[in-house]
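Here are a few short exercises to work through with the model open beside you. Each one has a task, followed by a solution in steps.

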Amino acid sequence: MRNFTKRNLIVILSVVLMFLLLLFLFSKKVNPGITSYREQEEVIEDFFKYFAIQDYEGMKQFCTTECVENFFHDGDVFGYEKAELISCQKNDNIITQDDEYWFLVYLEIIPSPKSSVYLKPHM
């Protein structure tokens, strides 16, 4: 595993939070029948199963048209080639509506070299 600098960790945490927000918002719009935390957790797990193998077409089933148009590019999604889900946990510290849940996800990510968040390896 790589050694992370403070900047790396900030970038990673920012990306994780963005993915959480996007996944929650888009999964609810694509399938408003998803109400239990387990169903929402499954959407996150399934999305990242496809992302881990760089199957961008498979990922699109969990996204709205706007998400696909704005975040899917040739060879990356939101500036990342690949993201593997390490863990996903429901966050009970955020007060939400009855059918709304927030999750903490930990990812191992590979940014695209053409991404603004790409960090050159330290020599």
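Phe-62 is buried, at a relative accessible area of 13%. Keep in mind that this is a predicted model. With that starting point, let's go.

**Exercise 1. Rings around Phe-62**

Task: Find the aromatic partner of Phe-62 and classify the pair.

Step 1. Phe-62 pairs with Tyr-50, and their ring centres are 6.1 Å apart. That falls within the 6.5 Å limit for a pair.

Step 2. The angle between the planes is 45°. Stacked needs under 30 degrees and edge-to-face over 60, so the label here is tilted.

Step 3. Now place the partners: Tyr-50 sits in helix H2 (residues 37–52), while Phe-62 lies in the loop between helix H3 (56–59) and helix H4 (65–71). The pair links distant parts of the chain, twelve residues apart.

Step 4. Compare the burial classes: Tyr-50 is partly exposed at 27%, whereas Phe-62 is buried.

**Exercise 2. A second pair, and the total**

Task: Decide how the rings of Phe-71 and Phe-78 are arranged.

Step 1. Their centres are 5.2 Å apart, and the planes meet at 65°.

Step 2. Because that angle is over 60 degrees, the pair is edge-to-face.

Step 3. On accessibility, Phe-71 counts as buried at 18%, and Phe-78 is partly exposed at 28%.

Step 4. For the wider picture, the structure has six aromatic pairs. Ring pairs also join Phe-47, Phe-48, Phe-51 and Tyr-56 into a cluster.

**Exercise 3. Cysteines without a bridge**

Task: How many disulfides does the structure hold?

Step 1. The count is zero.

Step 2. Take Cys-67 as a test case: its nearest cysteine sulfur belongs to Cys-63, 3.5 Å away. A disulfide requires the two sulfurs within 2.5 Å, so Cys-67 is in none.

Step 3. Check the surroundings: Cys-67 is buried, with a relative accessible area of 5%. Cys-88 counts as buried too, at 15%.

**Exercise 4. The setting of Ile-110**

Task: Is Ile-110 buried, partly exposed or exposed, and which residues does it touch?

Step 1. Ile-110 belongs to strand S4, which covers residues 102–111.

Step 2. Its relative accessible area is 34%. Since this value lies between the 20% and 50% cut-offs, Ile-110 is partly exposed.

Step 3. Leaving aside residues up to four places away in sequence, Ile-110 touches Tyr-80, Glu-81 and Lys-82.

Step 4. Finally, look at Glu-84, which is 26 residues from Ile-110 along the chain: the two C-alpha atoms are separated by 8.9 Å.

Terms used. Residues numbered from 1 in each chain as written. Predicted model: local features only at pLDDT ≥ 70, side-chain atom pairs only at ≥ 80, totals over all residues. Heavy atoms only, no water. Buried < 20%, exposed > 50% of the residue type's maximum accessible area, 1.4 Å probe, protein only. Helix = DSSP H or I, 4+ residues; strand = E, 2+ residues; numbered from the N terminus. Contact = heavy atoms within 4.5 Å.
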